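Student: Please take a close look at the surface of this model, patch by patch, and then at its aromatic pairs.

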Amino acid sequence: MVRRLWIIFLAVLAGTLAVEPFVAWHPHFAVERLFGFNALYGFVACAVLILVAKGIGLFVKRGEDYYDDE
């Protein structure tokens, strides 16, 4: 199942990168003109969100016996 998800993910990424030269972009900054910038930006943003969520989880996590009546 996980292998199939990776294959789908890579197919969507390849499709996105293949279509990029045919899309009319209107970049505001020079870095946005780089090929594949949007895919890289999305990946980095997702990775940062995961790391931040894991960091927050360290502070708000409760112990395993938090709801025990003892």
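Tutor: Glu64, Asp65, Asp68 and Asp69 form a negative surface patch in what is a predicted model. One of these residues, Asp65, lies in the segment after helix H2, which spans 37–60. Asp65 has a relative accessibility of 55% and counts as exposed, because the exposed class begins over 50%.

A nonpolar surface patch covers about 960 Å². Its members are Leu40, Phe43, Val44, Val48, Val52, Ile56, Leu58, Phe59 and Val60. Among them, Val48 is found in helix H2. The relative accessible area of Val48 is 44%, so this residue is partly exposed: the value falls between the 20% limit for buried and the 50% limit for exposed.

The aromatic rings are the remaining topic. A pair of aromatic rings is described by the distance of the centres and the angle of the planes. With ring centres required to lie within 6.5 Å, the count comes to three aromatic pairs. One pair is Trp6 and Phe9, whose ring centres are 5.6 Å apart and whose planes stand at 85°, so the pair is edge-to-face; that label applies to planes over 60 degrees apart. Both residues lie in helix H1, residues 2–19, and they are three residues apart, about one turn of the helix. Trp6 counts as exposed, with 53% relative accessibility. Phe9, at a relative accessible area of 41%, is partly exposed.

Definitions and conventions:
Residues are numbered from 1 along each chain as its sequence is written. This is a predicted model: local features need pLDDT of at least 70, side-chain atom pairs count only at pLDDT 80 or more; totals for chains, interfaces and linings use all residues. Side-chain values use heavy atoms; hydrogens and water are left out. Rings of Phe, Tyr and Trp (its six-membered ring) pair if their centres lie within 6.5 Å; planes under 30 degrees apart count as stacked, over 60 as edge-to-face and the rest as tilted. Helices (H or I, at least four residues) and strands (E, at least two) are DSSP runs, numbered from the N terminus. Buried means under 20% relative accessible area, exposed over 50%, partly exposed in between (1.4 Å probe, protein chains only). Patches are made of residues with over 30% relative accessible area and no salt bridge: like charges are joined within 9 Å, nonpolar side chains (Val, Leu, Ile, Met, Phe, Trp, Tyr) within 5 Å. Accessible areas come from the Shrake-Rupley method with a 1.4 Å probe; for residues, only the protein chains shown count as cover. A salt bridge is a side-chain nitrogen of Lys or Arg within 4 Å of a carboxyl oxygen of Asp or Glu. Lys and Arg count as positive and Asp and Glu as negative; His and the chain ends are not counted. The place of a charge is taken as NZ of Lys, CZ of Arg, CG of Asp or CD of Glu.
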